[in-house]
Amino acid sequence: MKKTILFVILQQYADWEAAYISSAIAMLGQGEYEIKTVSLSNDFVQSIGGFKVLPDYDIISVPDNYEAVILIGGMTWRNENAKKIDKLVNECVQKGKILGGICDASAFLGTVGVLNDVMHTSNDLNDLKQWAGSIYTGESKYIAKQAVRDKNIITANGTATMEFAKEILLALNIAEDKVLDWYYFHKLGFYVAPMPNM
C-alpha cells in the first residue's frame, strides 16, 4: 500500500514550490508514495500562476494515515481561515510524521508553536517574530539558511524551492545518491537526468 504525502494548498498557492517536490517524489520514490492535496474546502484552489486544482480532501476529511504534511507557500497564509490548518499541523507533529513549510507557510508554523524546539528558518526572523507573537519562542534556534531540517520538521524560505524539495526527499529516506543527482541536475544543469522507475 502506498504511503500518502499530503500537500496543503491555499488560494494563491505557489505552484512552483509544490511541483518540484511532487514530481521528484514520483520520479525517485519507486512507486512507494502517492500525492494528495488538502485545502480548506472542496472548492477549486487557484495558484499564483493560474493553475486550478480540485483538492482531494478538505480540512475536515483528511485521512488519519499519512507519511508527511507539506505546507506550500502562497499569498493567503495570513488570512484568518488559514488557522483551520492548525489541527492538522499539531496532529502531524504528535504522530512524529514529516512536516514541511516553505515561505509564508514556514512562518505559519511559527504561529502554531511547532518551531520553538527545532532548528528552523523562514523568510525573515523579524517578520516571523512579529506575526507569531508570544507563541513563538524559538529565536535561538533560527538559522539564516535557505532550508533547514531538524528531526521531522523541514522549513525553507521562499527562495529555496530546490533545497526544500531535497530535504523532504531525504527525510522520506529516498536514496541519497538519487536525491543529490536530481538536485544538482535541476540546480546546476547537469546533463544526466534521473529517469523514473517504470
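**Entry 1: the largest pocket**

I looked up the lining of the largest pocket and found Ile59, Ile60, Val62, Pro63, Asp64, Tyr66, Lys84, Lys87, Leu88, Glu91 and Lys95. The model is predicted, so I note its limits: local features need pLDDT of at least 70, side-chain atom pairs count only at pLDDT 80 or more, and totals for chains, interfaces and linings use all residues. Residues are numbered from 1 along each chain as its sequence is written, and side-chain values use heavy atoms, with hydrogens and water left out.

I recorded that a pocket is found on a 1 Å grid over the protein atoms alone, as an open set of points where a 1.4 Å probe fits, with protein on both sides within 12 Å along at least five of seven lines; a lining residue has an atom within 4 Å of a point. The space in the largest pocket is about 190 Å³, a volume being the space filled by probe spheres set on the points, which are joined across faces, edges and corners.

I then sorted the lining by class and obtained 6 nonpolar, no polar and 5 charged residues. In this sorting Ala, Val, Leu, Ile, Met, Phe, Trp, Tyr, Cys and Pro count as nonpolar, Asp, Glu, Lys and Arg as charged, and the others, Gly among them, as polar.

**Entry 2: salt bridges**

I took a salt bridge to be a side-chain nitrogen of Lys or Arg within 4 Å of a carboxyl oxygen of Asp or Glu. How many salt bridges does this rule give? The count is 7.

For exposure I used relative accessible area: buried is under 20%, exposed is over 50%, and partly exposed is in between, with a 1.4 Å probe and protein chains only. Helices (H or I, at least four residues) and strands (E, at least two) are DSSP runs, numbered from the N terminus.

I began with Lys83 and Glu80, whose side chains meet in a salt bridge at 3.4 Å, N to O. Lys83 is partly exposed because its relative accessible area is 49%, whereas Glu80 counts as exposed at 57%.

Next I examined Glu167 and Arg149, which form a salt bridge with their closest N and O atoms 2.8 Å apart. This pair links distant parts of the chain, for Glu167 is in helix α5 (residues 161-171) and Arg149 in strand β8 (residues 147-150), 18 residues apart. Is Glu167 buried or exposed? Glu167 counts as buried because its relative accessibility is 14%, while Arg149 is partly exposed at 38%.

I also found Glu163 and Lys187 joined by a salt bridge of 2.9 Å, N to O. Glu163 lies in helix α5 and Lys187 in helix α6 (residues 176-188), so this salt bridge ties together parts that are 24 residues apart in sequence. Glu163 is buried at 8% relative accessibility, and Lys187 is partly exposed at 39%.

Finally, I noted a network of salt bridges that links Arg78, Asp104 and Asp127.

**Entry 3: a nonpolar surface patch**

Which residues form a nonpolar patch on the surface? I found Trp16, Ile48 and Met75, with about 320 Å² of accessible area together. Patches are made of residues with over 30% relative accessible area and no salt bridge; like charges are joined within 9 Å, and nonpolar side chains (Val, Leu, Ile, Met, Phe, Trp, Tyr) within 5 Å. The areas come from the Shrake-Rupley method with a 1.4 Å probe, and for residues only the protein chains shown count as cover.

I located Ile48 in the loop between β3 (45-46) and β4 (52-53). Ile48 is partly exposed, since its relative accessible area is 37%.

**Entry 4: positive phi angles**

I looked up two residues with positive phi that are not glycine. Gln12 has a phi near 60 degrees and lies in the loop between β1 (3-8) and α1 (15-28). Gln12 is partly exposed at 31%.

Gln30 has a positive phi of about 55 degrees; its place is in the loop between α1 and β2 (33-39). Gln30 counts as exposed because its relative accessibility is 55%.

**Entry 5: distances between C-alpha atoms**

I placed Ala144 in the loop between α4 (125-132) and β8, where Ala144 is exposed at 78%. The C-alpha atoms of Ala144 and Asp124 are 8.1 Å apart, with their positions 20 residues apart along the chain.

I found Ala160 in the loop between β9 (153-156) and α5. Ala160 counts as buried because its relative accessibility is 0%. Ala160 and Ala105 are 55 residues apart along the chain, and 13 Å separates their C-alpha atoms.
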